[in-house]
Amino acid sequence: MSTNETDTTTAEAQPAVENLNRKQPFPRGFLETISTGWADRPEQTPPLRAQAPHAAARRDALSAAFPGKRLVLPAGTYKQRSNDTDYPFRAHSAFAHLTGWASDAVPDSVLVFEPTGETGHDVTLYLRERADRTTAEFYGDATIGEFWIGPRPALGGVASDLGLATAHLDAFDTLPGDLVLEEDADLTRFVSELRLVKDAYEIEQLRLAVAVTARGFDDIVADLPRIIDTPRGERAVEGIFHQRARIEGNGEGYDTIAASGPHACYLHWTRNDGAVVPGDLILVDAGVEVDSLYTADITRTLPVSGTFTDVQRRVYDTVLEAADAAFAVAKPGVRFRQVHEAAMAVIARRTAEWGLLPVTAEEALDADAGGQHRRYMVHGTSHHLGIDVHDCAQARREMYYDGILEEGMVFTIEPGLYFQIDDLTVPEEFRGIGVRIEDDVLVTADGVENLSAAIPRTADEIEAWIAGSAR
């Protein structure tokens, strides 16, 4: 049967009924009834999607890097949450990047590069064909049957949509010869480094992700009174942001951190089960993943009452100073690690001035014997951002941390200070204060552009933001 044909007759559907009857204890009357009486649903041939030419260029680069080798990049499959329920499917980032198939990708699909000699490859996308009403799976398989989960794409539609040759997944199992799987170290490294510099489509999608994320932060600020009145206000923050992420995107790019009071000092606080209390700060680290799977990653720290205390503002302004120092050095030709070093110089200097360090700032910054200031900011200042929140993570050190900034790179700048509630090395007035400011930046020809600059950032701007939302 061709990918664009439909079939509604009982006679032609009968083999599917017989196959199903051998698998499932359904009565014959049900099987005969369920296979008839359906209106025609002709397959639509979608236009080529916007990212298809960009994905084709990425495939060309991958082909050139592995001449004569068959390459296999799986989309992945469902992951069990519990019993018979699964987590929502999300395709592997390398697969999505190379196909342009994003939030609508079909589980278990495989992208295969078949060598055509010493150079070049024929590229085929293998996927499980739609389980329409001519198949036993239509009503007998709740995982892929269209009776259960709705329409699925046909081979021809996917080929038209992505500009890729397609074949049924069953044909993948018959391929002869050796395979270079995506788990191969060289292949994994290459597809990670392929994302270090973003193309025009990726930058457009990251701008979109930031814009939707900004609206999510606006939602949180506007709803602060209800958040405060909710016993587990951190959950309210998470839920408010989730609604925006699902309405305008695919979801969140990572688990939202809604960390109020001393929870803000835990870098990966995702339990989000605490109250949001006036007088405390709440650190919100959240990012919307849009339908293309590109995500923002933004943090703002807000005074719950609407106004920073003197100590909170002192800590906040120091973190902002560190972020601004990182912005000042970021430009093409600078090493990625220098962005972090600029921020850490501020953190070391200020914590030394406050009497928190057993050494001078200069001694703390010594690469061999220093690091004392890292007690209060243990994480890095920046990471690459894109189709993964921590994008390009498998790139070589010399390409990433020691790499040179280039126009088109997108990364975060996110210094912080965290004084845990039981940390006796800091004065009591500092304990329980955690601050992080995180922005997403694009390297331009002569510097960087703050993609998230529209989200209030200084202490005065944040206080005005909260006051304006309360009107």
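This is a chat about the pockets, cavities, aromatic pairs and one sheet of a predicted model.

Trainee: Let's start with open space. How much lies in the largest pocket?

Mentor: About 1200 Å³. Keep in mind that this is a predicted model.

Trainee: Which residues lie nearest the centre of the largest pocket?

Mentor: P88, F89, R90, N250 and E289. The whole lining has 45 residues.

Trainee: Which elements give two or more residues to that lining?

Mentor: Helix α7 (155-162), helix α12 (233-248) and strand β8 (251-252).

Trainee: And how does the lining of the largest pocket divide by residue type?

Mentor: There are 20 nonpolar, 12 polar and 13 charged residues.

Trainee: Next pocket down. What volume does the second largest have?

Mentor: About 520 Å³. Its lining counts 23 residues.

Trainee: Which of them are closest to the centre?

Mentor: Four histidines and a glutamate: H268, H379, H383, H390 and E414.

Trainee: Which helix gives the most to the lining of the second largest pocket?

Mentor: Helix α14 (residues 336-353), with 3 residues. By type, the lining of this pocket splits into 7 nonpolar, 9 polar and 7 charged.

Trainee: Now closed space. How many cavities does a search of the whole structure find?

Mentor: It finds 3 of 30 Å³ or more. The largest has a volume of about 60 Å³.

Trainee: What lines the largest cavity?

Mentor: Q51, R58, A96, H97, G100, A102, Y201, S292, Y294 and I387. That makes 5 nonpolar, 4 polar and 1 charged.

Trainee: Which is the charged one?

Mentor: R58, because Arg counts as charged and His as polar here.

Trainee: What about the second largest cavity, how much space is in there?

Mentor: About 40 Å³. Its lining is Y78, V106, P107, D108, R128, T143, I144 and R152. The split there is 4 nonpolar, 1 polar and 3 charged.

Trainee: Changing topic. How many aromatic pairs are there?

Mentor: The count comes to 17. Take W38 and F138 as one of them.

Trainee: Why is that pair edge-to-face?

Mentor: The ring planes of W38 and F138 stand at 90°, and over 60 counts as edge-to-face, so the pair gets that label. The ring centres are 5.6 Å apart.

Trainee: Where do the two sit in the chain?

Mentor: In distant parts, 100 residues apart. W38 is in the loop between α2 (28-34) and α3 (52-65), while F138 is in helix α5 (residues 137-140).

Trainee: Are they buried or exposed?

Mentor: They differ. F138 is at 6% relative accessibility, and buried means under 20%, so F138 counts as buried. W38 has a relative accessible area of 31%, which makes W38 partly exposed.

Trainee: Which residues form one aromatic cluster with them?

Mentor: Y139, F147 and W148 join W38 and F138 in one cluster.

Trainee: Last topic, the open sheet of 3 strands. What is its order?

Mentor: β9-β10-β12, with antiparallel pairing. The edge strands are β9 (257-260) and β12 (298-303), since each pairs on one side only.

Trainee: What does the twist average from one strand to the next?

Mentor: It averages 10°.

Trainee: How many bridges join β10 to β12?

Mentor: 6 bridges, with β10 covering residues 281-286.

Trainee: Which residue in β12 stands opposite L281?

Mentor: P303.

Methods: Residues numbered from 1 in each chain as written. Predicted model: local features only at pLDDT ≥ 70, side-chain atom pairs only at ≥ 80, totals over all residues. Heavy atoms only, no water. 1 Å grid on protein atoms, 1.4 Å probe; cavity = no way out; pocket = protein on both sides within 12 Å on 5 of 7 lines; lining within 4 Å. Points joined across faces, edges and corners; volume = space filled by probe spheres on them. Phe/Tyr/Trp six-rings, centres within 6.5 Å; stacked < 30°, edge-to-face > 60°. Helix = DSSP H or I, 4+ residues; strand = E, 2+ residues; numbered from the N terminus. Buried < 20%, exposed > 50% of the residue type's maximum accessible area, 1.4 Å probe, protein only. Pairing = 2+ DSSP bridges. Axes fitted to C-alpha atoms, helices over the stretch in contact; angles between N-to-C directions.
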